[in-house]
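Me: I'm new to reading protein structures. Could you walk me through this one with some questions and answers?

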Amino acid sequence: MREGTAPVIRRQDYAAPAFWIRRVDLTFDLDAAKTIVASKLHIERNAAVLADGAPQPLVLQGEDINVLRVMAGGESVSFRVEGNLLVIDNPPAGDSFVLEVRNTCNPEKNTQLSGLYTSGGGLFTQCEAEGFRRITYFLDRPDVMAVYTVTLRADRTKYPVLLSNGNLVAQGTLDNGRHFATWHDPFPKPSYLFALVAADLVCREQRITTRAGREHLLQVYVRRGDLGKTEHAMASLVASVVWDEARFGLPLDLERFMVVAVEDFNMGAMENKGLNIFNTKYVLASPATATDDDFAGIESVVGHEYFHNWTGNRITCRDWFQLSLKEGLTVFRDQEFSMDMAGSASARAVKRIQDVLMLRARQFPEDAGAMAHPVRPDSYAAIDNFYTATVYEKGAEVVRMMHTLVGREGFARGITLYFQRHDGQAVTCDDFAQAIADANPGSALGARLDAFKRWYAQAGTPRLQARGHYDAEARRYTLTLTQSALPSPGQPHKQPYVIPVLTALIGHDGRELAAERLLVLDGTSQSFTFEGIDAAPVPSLLRGFSAPVVLDDGLSDAELLVLLAHDSDPFNRWEAGQRLALQRLLRQLQQPAPLDAPFIEAMRGVLRHPTLDPAFKELALVLPSEGYVAEQLERFDPQAIHAARVQLRDALATALHDDWVWAFDTHAVREGYAPTPAQAGRRALVNLALHMLCRHAAHHDDPVWPGRAYQRVKTAGNMTERLGALQALLDTPSPLADAALAHFHAQAGGDALVLDKWFMLQAHAPEPLGADAGRAFARAKALLKHPDFSLKNPNRVRSLVLALCSANPAAFHRADAAGYVLWSEKLLELDAINPQLAARLARVMDRWSALAEPYRSAAREAIARVAVKPDLSDDVREIVTRALEIAA
Ligand code: TRP
Ligand code: ZN
């Protein structure tokens with residue numbers, strides 16, 4: 001397992017494999033403590049590689065498994081096991097041969113949750129990226145694609161359900177209470193898409209007929225008792241199937257499509273061919289246990305995994321450096337799916353704002369920190385560390401820019417060409433971009449493809465400066481766009497990006513002076529002119545966030561107020577409000593001051609606006625996060641930022657007190673619960689209002705609103721309102737908070753996903769300012785000893801440890817370094833159990849070098865203490881090493 005320091009893998013070193021595996025027959029004798037795997041591999045020499053030189057040895061990967069027997073061509077063959085490799089120096093001569101391997105593995109001991117492992121008494125697999133080698137020896141790389149036939153044998157009582165990829169071709173009874181099932185997947189696939197499940201599960205079924213008239217069986221498998229919480233997942237799956245066929249002409253290609261929920265899972269979900277395996281968090285929902293955000297998350301993850309069936313599975317990645325080929329594209333597709341499902345223009349914009357908030361909260365800091373890497377990385381030590389916001393979310397933005405540059409129809413043509421060319425292949429990001437460009441030769445992308453592809457190659461977030469000049473006499477507006485890019489690790493100099501800038505011009509009276517137009521900046525600096533402009537305009541730039549850049553538009557408060565009041569692009573309207581708020585937060589850090597009347601009136605105007613949607617209002621009235629403020633500064637003090645934000649937020653609570661009361665009273669949802677954007681928006685605004693009113697009450701020793709919040713925790717008809725009320729209460733000094741927490745815990749009745757919320761709520765609880773500071777940290781730290789806490793369940797770790805260390809800066813970054821001590825202790829404990837997850841925890845220190853003192857030195861010390869430990873996993877070692885490399 002830990003074989004010293006992992007070598008660095010480089011993209012430039014890619015070489016085709018010396019052998020292909022065309023067919024795989026697997027037989028599993030499943031047992032939690034000792035599973036026996038019999039593997040029969042139909043191997044073919046790769047003629048292209050053979051021609052280059054001497055015959056190659058066959059080298060297979062394996063990890064934490066015991067080999068029992070190896071046979072080649074039906075006879076025993078000599079082999080060596082060297083660390084994690086099985087080497088056969090003299091494989092049978094000829095073009096092809098059959099290799100048979102028998103080995104065992106121990107699912108019960110597999111706490112990494114990669115390979116074959118146990119969860120809640122069942123057996124599950126997770127093979128992406130390199131988990132298959134933890135099941136049996138293989139050429140475990142995505143460009144080796146095979147047709148799998150899989151037989152599962154297991155005890156019928158413990159494991160009544162036996163699933164694998166593809167179609168069920170046989171099943172029956174064996175001796176000793178055992179049974180078997182044989183599955184065949186007709187589509188060649190890389191090993192990372194293999195899956196099996198053996199467990200005591202029940203399923204919700206639905207039959208659908210697609211446009212082409214083909215019948216399909218959809219199934220969602222969960223534990224007994226959870227069936228009532230699968231309706232939304234199934235509805236989302238049906239909607240996904242319909243959508244992909246309607247929008248991209250991509251139909252379901254399997255007779256049967258299965259989704260299985262499992263409680264112990266390292267990520268959100270996995271797109272195994274025909275057998276998606278999901279974290280329970282993205283399957284199970286009822287109004288009583290899941291929030292509106294959870295419902296939306298299920299829709300988007302179910303969509304994401306389903307869409308992988310084409311973008312990822314039918315066409316897969318040549319090597320792991322191309323990960324964004326499938327992830328960036330599939331995130332783009334799931335974002336579009338959620339937007340199309342949302343319906344109204346306003347609801348679409350809300351989804352776009354949420355996606356950009358997430359990009360800025362997670363990807364921008366990544367691009368500025370120790371782990372900065374291109375969308376298509378150049379090297380890695382542990383590939384699991386590169387399932388990042390850059391590969392996923394920035395990758396999706398790169399696809400979105402292509403979509404913007406070639407247009408919706410052009411993009412659809414590009415996708416069609418991509419599948420014509422590459423269906424059934426393992427390809428590269430270049431192949432994808434080439435197909436989109438070739439389908440649109442005359443487009444804004446076609447002519448600039450090479451320059452555009454710098455988005456794949458260069459790390460860091462580009463800066464875009466915009467300055468306008470209005471010539472009243474000539475009725476001409478000239479806009480000058482200039483780009484620059486900061487150095488990032490290994491990339492001191494950057495070449496100019498191709499930046500699509502969707503732009504309109506707005507008059508100070510709100511009139512549109514120039515309709516939306518696509519400007520494409522492809523040099524360092526360019527000017528664009530707008531003719532026939534009657535009055536000095538305010539530019540509405542980068543509409544819909546048309547490129548993942550940091551924009552400096554130099555607009556004044558007055559101009560931003562025009563956009564906030566009038567911009568017809570809802571994203572930019574929101575952005576204008578956020579900019580106004582950000583400037584005030586940054587000023588507050590310099591010198592505390594009361595909020596100015598124009599800002600307050602603008603915010604009141606949004607809140608009271610007659611036609612804006614509640615969901616939009618809620619987003620506009622929440623101040624930029626502490627993390628986002630931190631990203632604006634070269635050195636940041638998390639305590640100072642927290643204080644500044646609390647002060648301004650409380651100032652808004654007070655200045656708009658009557659408006660919050662109005663918002664609370666007039667937005668209650670009276671119909672039955674439905675997780676629709678319209679209802680969710682109302683609930684979000686009511687929750688914000690309640691929070692503001694509780695903050696106001698905190699300053700005035702007023703027990704009424706905390707009392708109402710407490711009542712809501714007890715009587716709310718759904719989780720969104722219950723959680724919102726508890727969150728508000730936890731941000732007050734009210735003694736009712738503890739009683740409400742106890743009530744919430746009791747009401748959870750042991751439901752794991754609800755308990756996760758109970759932990760997370762406390763891990764996120766804002767630190768009070770003043771004498772009570774430290775209360776949130778103390779509470780979270782005490783929870784590590786709670787009987788319901790465990791480091792073995794990733795959801796629980798995310799809910800408490802990761803939530804505290806990554807999403808509660810003022811609780812975590814303490815002058816006494818107690819947060820960092822907790823971090824290093826839990827990190828080391830977790831690394832011994834689950835390195836993938838431990839590496840995620842390690843990453844919370846990514847931005848340590850931008851911290852102000854005393855945090856900076858203390859953080860570096862904590863990282864250094866971890867880095868010297870001799871038996872770190874490769875995953876954690878890569879993260880802490882890179883962290884210490886960035887700045888001395
Ligand atoms: N490919 C999966 C997705 O994005 C995610 C994934 C990658 C994953 N590696 C994993 C899930 C490891 C669980 C464990 O849809
Ligand atoms: Zn994915």
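Reply: Happily! Let's begin with a term we need for the ligand: a polar contact is a pair of N or O atoms within 3.5 Å. Keep in mind too that this is a predicted model.

Me: What is the distance from a backbone N or O atom of Ala 269 to an oxygen atom of ligand 1?

Reply: A pair of N or O atoms counts as a polar contact within 3.5 Å. Here the partners are a backbone N or O atom of Ala 269 and an oxygen atom of ligand 1, and their distance is 3.5 Å.

Me: Which residue has a side-chain N or O atom 2.7 Å from an oxygen atom of ligand 1?

Reply: Let's look at two glutamates. The side chain of Glu 327 has an N or O atom 3.1 Å from a nitrogen atom of ligand 1. The contact at 2.7 Å, with an oxygen atom of the ligand, belongs to the side chain of Glu 305.

Me: How much of ligand 1 does the protein bury?

Reply: Start with the ligand by itself: ligand 1 then exposes 370 Å². Once the protein is around ligand 1, the buried share of that area is 97%.

Me: Which element gives the most residues to the shell around ligand 1?

Reply: The ligand is surrounded by 15 residues, and Glu 128, Glu 271, Glu 305, Glu 327 and Tyr 392 are the closest. By class, the shell holds 6 nonpolar, 4 polar and 5 charged residues. Strand 20 (269-270), helix 3 (292-308) and helix 4 (323-342) supply at least two residues each. The top contributor, with 3 residues, is helix 3.

Me: Now to the sheets. Why is one side of strand 17 and of strand 20 left without a neighbour in the sheet?

Reply: Both belong to an open sheet of 5 strands, ordered 17-18-19-21-20, with mixed pairing. One side of each lacks a neighbour because strand 17 and strand 20 each have a single partner strand, standing as they do at the edges.

Me: Which helix packs on that sheet, touching strand 17, strand 18 and strand 19?

Reply: Let's first see how these strands pair. Strand 17 (residues 201-209) and strand 18 (residues 215-223) are antiparallel over 9 bridges, while strand 18 runs parallel to strand 19 (residues 256-262), with 5 bridges. The helix that touches these three strands covers residues 231-248 and makes about 30° with the direction of strand 17; it is helix 2.

Me: Which residue in the turn between strand 17 and strand 18 has a positive phi?

Reply: These strands form a hairpin, with 5 residues between them. On the strands themselves, Ile 208 has His 216 in strand 18 as its bridge partner. In the turn, the residue with a positive phi of about 85° is Gly 213.

Me: And in the hairpin of strand 25 and strand 26, which residue takes a positive phi?

Reply: Strand 25 (residues 463-471) and strand 26 (residues 476-484) pair antiparallel over 9 bridges. Their hairpin has 4 residues between the strands, and a positive phi near 50° is found at Arg 475.

Me: One more, please! At what angle does helix 6 run to strand 27?

Reply: Strand 27 belongs to an open antiparallel sheet of 3 strands, ordered 28-27-30. Its edge strands are strand 28 (512-521) and strand 30 (537-540), and the twist averages 25° from one strand to the next. Helix 6 (residues 389-422) lies across strand 27 and strand 28, and its angle to strand 27 is about 65°.

Terms used
Residues numbered from 1 in each chain as written. Chains lettered and ligands numbered in written order. Predicted model: local features only at pLDDT ≥ 70, side-chain atom pairs only at ≥ 80, totals over all residues. Heavy atoms only, no water. Pairing = 2+ DSSP bridges. Axes fitted to C-alpha atoms, helices over the stretch in contact; angles between N-to-C directions. Contact = heavy atoms within 4.5 Å. Near = heavy atom within 4 Å. Polar contact = N/O pair within 3.5 Å; in protein donor to acceptor, adjacent residues only side chain to side chain. Areas by Shrake-Rupley, 256 points an atom, 1.4 Å probe, with all protein chains shown as cover. Nonpolar A, V, L, I, M, F, W, Y, C, P; charged D, E, K, R; others polar.
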